[in-house]
Every structure is written in C-alpha cells, then in structure tokens.
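Reader: I've just opened this one and I'm new to it. Can you walk me through it and show me how each label is earned?

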Amino acid sequence: MRYLESVITLEFDAARCNGCAMCVAVCPHAVFRLESKRAVLADRGACMECGACARNCEPGAIRVRSGVGCAAGILAGVVAGTEPTCGCSTTPTGGC
Ligand code: SF4
Ligand code: SF4
C-alpha cells in the first residue's frame, strides 16, 4: 500500500543529517538510503508514517506525523482480506 505522495507528512532536513544511518536501519519500507555518508529520500512515496525514523534520528532531521499510517495499513489489510499489518513491527524498535 502506498499513500498519495502529496499527503505524506514526512519532512527531511538534509542539513541536520549526521549520517548515522538509523533511519535506513529502522524504516520498514526503505524510504531512506545513504549516499555520500548522508541520508537521502530514496522512495518518499513508500512512507507509511510509522514514525520510527523520526524517533531514532538524534539530530532531529526527520519530522513525520506518525500513527495514521499504521492504522491505515491495518485497515487496508482487513478490507483486502490480507494480513492486517503496516509492516513497521519488523523494525528493530518494534514499530506500532
Ligand atoms: S537518522 Fe537522522 S541523522 Fe541519521 S542518517 Fe537518518 S536523517 Fe541522518
Ligand atoms: S515514518 Fe516509517 S515508513 Fe516513513 S520513512 Fe519513517 S520509518 Fe520509513
């Protein structure tokens, strides 16, 4: 499931990034990748707004209004008759 990119609340301030790679490690949808020792948005449209990246970004380079994405992912699974998950529970931080 993907959101409409225009409504995704994910904001990334590259100037604050220290290249720690935590966002790459915790994102269940590979939204970030490292490039020249700094994070870049690789696939912003894949963001489910779980908030794991922002919670683990020590310099505060990432902002996202979390919570809605997980609920939407779970509801989509129920409606589609598939596993009701947003996918963030596979992150090292445990997700939602
Ligand atoms: S967690 Fe924050 S500081 Fe670390 S690489 Fe990602 S954006 Fe940069
Ligand atoms: S909010 Fe979740 S899905 Fe979106 S970029 Fe951050 S870790 Fe990835």
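Reader: How do you know that strands S2 and S3 pair?

Author: Keep in mind that the model is predicted. Pairing takes at least two bridges found by DSSP. Strand S2 (residues 32-35) and strand S3 (residues 38-41) are joined by four bridges, so they count as a pair. The two run antiparallel, and Phe32 stands opposite Leu41 in S3.

Reader: What lies between the strands of that hairpin?

Author: Two residues, and Ser36 takes a positive phi near 50 degrees in this hairpin.

Reader: Where do these strands fit in the whole protein?

Author: Along the sequence the pattern reads β-α-β-β-α-β-α. In total there are three helices and four strands.

Reader: Why is Ser66 called partly exposed?

Author: A residue needs 20 or more C-beta neighbours within 10 Å to be buried, and 12 or fewer to be exposed. Ser66 has 19 inside 10 Å, so it counts as partly exposed.

Reader: Where is Ser66, and which residues does Ser66 touch?

Author: Ser66 is in the loop between strand S4 (62-63) and helix H3 (68-80). Leaving out residues up to four places away in sequence, Ser66 touches Glu49, Cys50, Gly51 and Ala54. The C-alpha atoms of Ser66 and Thr9 are 8.4 Å apart, though 57 residues separate the two along the chain.

Reader: What makes a set of residues a nonpolar core here?

Author: The members must be buried residues of certain nonpolar types, joined through C-beta atoms within 7 Å. The largest such core has 20 residues, and those touching the most other members are Cys23, Val26, Cys27, Phe32, Cys53, Cys57 and Ile62. Helix H1 (22-26) and helix H2 (52-56) are the elements giving two or more residues to this core. Cys57 is in contact with Met22, Cys23 and Ile62, if you set aside neighbours within four places in sequence. Across the protein, 32% of the 96 residues count as buried.

Reader: Which residues come nearest to ligand 1, and which to ligand 2?

Author: Around ligand 1 there are 14 residues, with Cys17, Cys20, Cys23, Ala39 and Cys57 nearest. Around ligand 2 there are 15, and Cys27, Val31, Cys47, Cys50 and Cys53 come nearest.

Reader: How many residues of each class are in the two shells?

Author: The ligand 1 shell has eleven nonpolar, three polar and no charged residues. The ligand 2 shell has twelve nonpolar, two polar and one charged. Cys is classed as nonpolar, so the cysteines named above go into the nonpolar counts.

Terms used: Residues numbered from 1 in each chain as written. Chains lettered and ligands numbered in written order. Predicted model: local features only at pLDDT ≥ 70, side-chain atom pairs only at ≥ 80, totals over all residues. Near = placed C-beta within 6 Å. Contact = placed C-beta atoms within 7 Å.
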